[in-house]
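Subject: A structure for you to explore

Hi,

Here is the structure I promised to pass on to you. Have a look at it first, and then read on for what I found.

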Amino acid sequence: MENKYYKHFDIRNELSKVIENDELFLCYQPLINTKTNKMVGMEALVRWRHPEKGIISPMDFIPIAEETKHIIAIGEWVLRNACMQMKTWLDMGYKKYGISVNISVVQLKQQNFSEVVTGILNETGLLPEFLVLEITETVCMESSNMITRNLMRLKNKGIKISIDDFGTGYNTLNYLQTIEINHLKIDKTFISNFETNVNQAVIEMIIKLGHRINAKIIAEGVETKEQYDYLKQMECDTIQGYFFSEPLLAEEMVDFFDKDEKVIKYPKRFMIL
Ligand code: C2E
Ligand code: MG
Ligand code: MG
């Protein structure tokens with residue numbers, strides 16, 4: 001990919017400067033409850049605004065950032081900015097949502113990862129119950145004590161854990177014994193071809209499994225009404241995808257917030273006693 005699209009572009013070298021050059025930004029994609037059709041949370045997704053190449057997708061730079069370990073600084077930037085944004089929304093009076101942040105296996109293997117997360121929560125003032133960490137299923141396959149220890153510590157603090165791209169890993173279910181998982185996210189490859197018998201069998205199996213272990217199910221990549229209707233009928237709790245909304249800028253997200261929930265607090269001097 002690096003060679004194909006960015007032939008003369010030294011992506012490795014430029015990745016080291018994305019933070020100091022202020023070239024990263026976050027988008028947020030709503031997660032919609034299938035019973036109420038209301039937003040219940042959002043996922044933060046990073047993008048790179050390159051001065052010459054334009055917007056670069058995370059799929060094109062996260063794998064390289066993982067290889068070069070720049071993901072440690074980038075991941076921390078993402079976490080800090082997502083928590084700051086969520087705290088701003090909470091302070092505006094929107095209190096029904098949590099924010100999900102993608103975490104790389106490279107970050108999870110850092111000895112101080114749980115301290116980094118709790119440090120960011122303290123710094124931003126965000127309560128742990130509003131934070132969800134998304135871990136890809138492949139992470140769970142790496143039976144590293146460090147990963148398990150970090151996840152346990154974060155869980156004990158009240159942070160929630162989602163398993164991303166569920167169904168794409170292999171031989172993975174053993175981690176369910178160790179860590180209580182809050183959400184399973186059905187990978188979008190199953191949703192895009194949901195009409196096939198095999199994919200329906202997998203989707204229904206994941207929903208059943210998730211509910212048995214008290215996890216909520218999120219379907220990723222829901223694009224059509226047919227997919228939505230099927231998932232709703234199968235009692236999938238939450239959906240994410242272009243059918244409701246593509247990832248949006250922070251200011252565009254406010255349209256998704258439930259208008260009734262905001263309690264307008266008047267400053268004391270305006271109160272009639
Ligand atoms: P993911 O965590 O599974 O995120 C979902 C991806 O699906 C996002 O792609 C989102 O834009 C895309 N998507 C949402 N709805 C639809 C839909 O209806 N149809 C289709 N075809 N796609 C949909 P995005 O933003 O390009 O991110 C790609 C991947 O990059 C993410 O997959 C995640 O693994 C990684 N990523 C993104 N942000 C971060 C980050 O801050 N840190 C780390 N470590 N990885 C990140
Ligand atoms: Mg994700
Ligand atoms: Mg995913």
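Let's begin at ligand 1: one of its oxygen atoms lies 2.9 Å from a polar side-chain atom of asparagine 102. Please keep in mind that this is a predicted model, so every distance below is computed from predicted coordinates.

**Around ligand 1**

Two further contacts involve nitrogen atoms of the ligand. In the side chain of glutamate 223, an N or O atom is 2.5 Å from a nitrogen atom of ligand 1. Valine 46 takes part through its backbone instead: an N or O atom there lies 3.2 Å from a nitrogen atom of the ligand. How much of the ligand's accessible area does the protein cover? On its own, ligand 1 has 800 Å² of accessible area, and the protein covers 87% of it.

The space that ligand 1 takes up is the largest pocket. Around the ligand there are 24 residues, and those that come nearest are Arg47, Asn102, Asp164, Glu223 and Tyr242. Which elements give two or more residues to this shell? They are strand 2, helix 3 (58-68), helix 4 (71-91) and strand 6. Strand 2 makes the largest contribution, with four residues.

**The two magnesium ions**

Asparagine 102 turns up again at the magnesium ion that is ligand 2. Its OD1 atom coordinates this ion, together with Glu43 (OE), Glu134 (OE) and Asp164 (OD), at 2.0 to 2.2 Å. If you want to find these donors in the sequence, look for the spacing E-x58-N-x31-E-x29-D. Two of them show how distant parts of the chain are linked here: glutamate 43 is in strand 2 (residues 39-50) and aspartate 164 is in strand 6 (residues 160-166), 121 residues apart. Are these two residues buried or exposed? Glutamate 43 counts as buried because its relative accessibility is 3%, under the 20% cut-off. Aspartate 164 is buried too, with a relative accessible area of 5%.

Now move to the magnesium ion that is ligand 3. Asp164 (OD), Asp165 (OD) and Glu220 coordinate this ion at 2.0 to 2.4 Å, and Glu220 is listed with two OE donors. Along the chain, the donor residues follow the spacing D-D-x54-E. Here, too, distant parts of the chain are linked: aspartate 165 is in strand 6, while glutamate 220 is in the loop between strand 8 (216-219) and helix 11 (225-233), 55 residues apart. Aspartate 165 counts as partly exposed, at 22% relative accessibility, whereas glutamate 220 is buried, with a relative accessible area of 8%.

Which residue coordinates both ions? It is aspartate 164, and the two magnesium ions are 4.4 Å apart.

**Helix 3**

Helix 3, which you met in the ligand shell, has some details at both ends. Serine 57 caps its N-terminal end, with a side-chain oxygen 3.0 Å from the backbone nitrogen of methionine 59. The helix is followed by lysine 69, whose phi is positive, near 70°. Which residues of helix 3 are buried? The answer is Pro58, Asp60, Phe61, Ile62, Ile64 and Ala65.

**A few loop residues**

The loop between helix 2 (11-15) and strand 1 (24-33) holds valine 18, and aspartate 22 is found there as well. Valine 18 counts as buried, at 1% relative accessibility, whereas aspartate 22 counts as exposed, at 59%. Try picking out valine 18 and arginine 49 on your screen: they are 31 residues apart in sequence, and their C-alpha atoms are 8.8 Å apart in space.

Aspartate 22 also has a positive phi, near 60°, in a residue other than glycine. Phi of asparagine 214 is positive as well, near 60°. Where does asparagine 214 lie? You will find it in the loop between helix 10 (197-212) and strand 8. Asparagine 214 counts as exposed because its relative accessibility, 68%, is over the 50% cut-off.

Enjoy exploring it!

Best wishes

Methods
Residues numbered from 1 in each chain as written. Chains lettered and ligands numbered in written order. Predicted model: local features only at pLDDT ≥ 70, side-chain atom pairs only at ≥ 80, totals over all residues. Heavy atoms only, no water. Donors = N, O, S within 2.8 Å, 3.2 Å for Na, K, Ca; no water. Buried < 20%, exposed > 50% of the residue type's maximum accessible area, 1.4 Å probe, protein only. Near = heavy atom within 4 Å. Polar contact = N/O pair within 3.5 Å; in protein donor to acceptor, adjacent residues only side chain to side chain. Areas by Shrake-Rupley, 256 points an atom, 1.4 Å probe, with all protein chains shown as cover. 1 Å grid on protein atoms, 1.4 Å probe; cavity = no way out; pocket = protein on both sides within 12 Å on 5 of 7 lines; lining within 4 Å. Sits in = over half its atoms within 2 Å of the grid points.
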